[in-house]
Amino acid sequence: MKKILLGILGIIVLLIIVGFFLPSKIEVTRSLTMHASPEAAFEEINNLEHWEKWSYWNTLDPTLKTTYGEQRSGTGAWYSWDSKDMGKGKLIITESKPSSMIKADLDFMEQGTAKSWYTFEPVNDSTKVTMGFSTEFGMNPFMRWMGVTMFESEMNKAFDYNLNKIKEIAEAKE
């Protein structure tokens, strides 16, 4: 029994040590070209009320409660969420350049903060929309393990979903 406990303790210590060598920052970007104008795609992301139609995260908890600030689009617009499954948080658009770029800060409360960005690049008669996300895990080896094992793949799944939904909506406007 003592050998088993020492073996388990050794594995835990090893995992913690390895955790310190894992990346402290995760950055994910995804792009999709859509047959729509930059304005059509930009409008879907710049107006926070539109996110309910395309955001992957809204599909995960039907009881998700969203609260919007007075301003719903552009620099300074914000919304907060409260979810039994996903916790609480707040997103604030920190910069918005029409049909070109949007930057936002995310606050996941106890889970930390992140940055996100969206760019809209005209390509012939289409638009290449890129979504990006980055977060720092600091010195926490457990968060670093989570980042490597789950976080990046879940963000890729969310971005693929979001981009395809935005494409569907933006192309329907044209």
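Q: How many residues of helix 2 are buried?
A: The cut-off to keep in mind is that buried means under 20% relative accessible area. This is a predicted model, and in it seven of the nine residues of helix 2 are buried, so the rest of the structure largely encloses that helix. The buried ones are Pro38, Ala40, Ala41, Phe42, Glu44, Ile45 and Asn46.

Q: How do I read a list like that along a helix?
A: Start with the geometry: an α-helix has 3.6 residues a turn, so residues three or four places apart point the same way. Then look at what helix 2 (residues 38–46) packs on: it lies across strand 1, strand 4, strand 5, strand 6 and strand 7, running at about 165° to strand 6.

Q: Glu44 caught my eye. Is Glu44 buried or exposed, and what does Glu44 touch?
A: Glu44, in helix 2, has 1% relative accessibility, so it counts as buried. Skipping neighbours within four places in sequence, Glu44 is in contact with His50, Trp51, Lys53, Trp54, Ile166, Ile169 and Lys173. As for Lys97, it sits 53 residues from Glu44 in sequence and 14 Å away in space, C-alpha to C-alpha.

Q: On to the sheet. In what order do the strands run?
A: The general idea first: strands of a sheet pair through backbone hydrogen bonds, either parallel or antiparallel. Here, seven strands make an open sheet with antiparallel pairing, in the order 1-7-6-5-4-3-2. Strand 1 (25–34) and strand 2 are at the edges with a single partner strand each, so one side of each has no neighbour in the sheet. From one strand to the next, the twist averages 15°.

Q: Can you zoom in on one pairing?
A: Sure. Strand 2 and strand 3 pair in the antiparallel sense over four bridges. If you want a residue to click on, take Tyr68, whose bridge partner in strand 3 is Tyr79.

Q: What about a residue in strand 7, say Ser126?
A: Ser126 is in strand 7 and has a relative accessible area of 6%, so it is buried. Not counting residues up to four places away in sequence, Ser126 touches Thr33, Met34, His35, Ala36 and Glu121. Ser24 is another matter: Ser126 and Ser24 are 102 residues apart in sequence and 36 Å apart in space, C-alpha to C-alpha.

Q: Which strands does helix 4 lie across?
A: Helix 4 lies across strand 1 and strand 7, at about 25° to strand 1. Helix 4 also gives the most to the lining of the largest pocket, with eight residues.

Q: How much space lies in that largest pocket, and which residues are closest to its centre?
A: About 920 Å³. There are 37 lining residues, and Trp57, Trp81, Phe108, Phe151 and Met155 are the closest to the centre. By type, the lining splits into 23 nonpolar, 10 polar and four charged residues. Elements that each supply at least two lining residues include helix 3 (51–54), strand 3 (78–83), strand 4 (87–97) and helix 4 (141–173).

Q: And the whole chain at a glance?
A: The protein has four helices and seven strands, running α-β-α-α-β-β-β-β-β-β-α from the N terminus. The C-alpha trace spans about 70 × 35 × 25 Å along its principal axes. Of the 174 residues, 37% are buried. Among contacts between residues at least 6 apart in sequence, 55% join residues at least 24 apart.

Conventions: Residues are numbered from 1 along each chain as its sequence is written. This is a predicted model: local features need pLDDT of at least 70, side-chain atom pairs count only at pLDDT 80 or more; totals for chains, interfaces and linings use all residues. Side-chain values use heavy atoms; hydrogens and water are left out. On a 1 Å grid over the protein atoms alone, a cavity is a set of points where a 1.4 Å probe fits but cannot get out, and a pocket is an open set with protein on both sides within 12 Å along at least five of seven lines; lining residues have an atom within 4 Å of a point. Grid points are joined across faces, edges and corners, and a volume is the space filled by probe spheres set on the points. Ala, Val, Leu, Ile, Met, Phe, Trp, Tyr, Cys and Pro count as nonpolar, Asp, Glu, Lys and Arg as charged, and the others, Gly among them, as polar. Two strands pair if DSSP finds at least two bridges between them. Axes are lines fitted to C-alpha atoms, for helices over the stretch in contact, and angles run from 0 to 180 degrees between N-to-C directions. Contact means heavy atoms within 4.5 Å. Buried means under 20% relative accessible area, exposed over 50%, partly exposed in between (1.4 Å probe, protein chains only).
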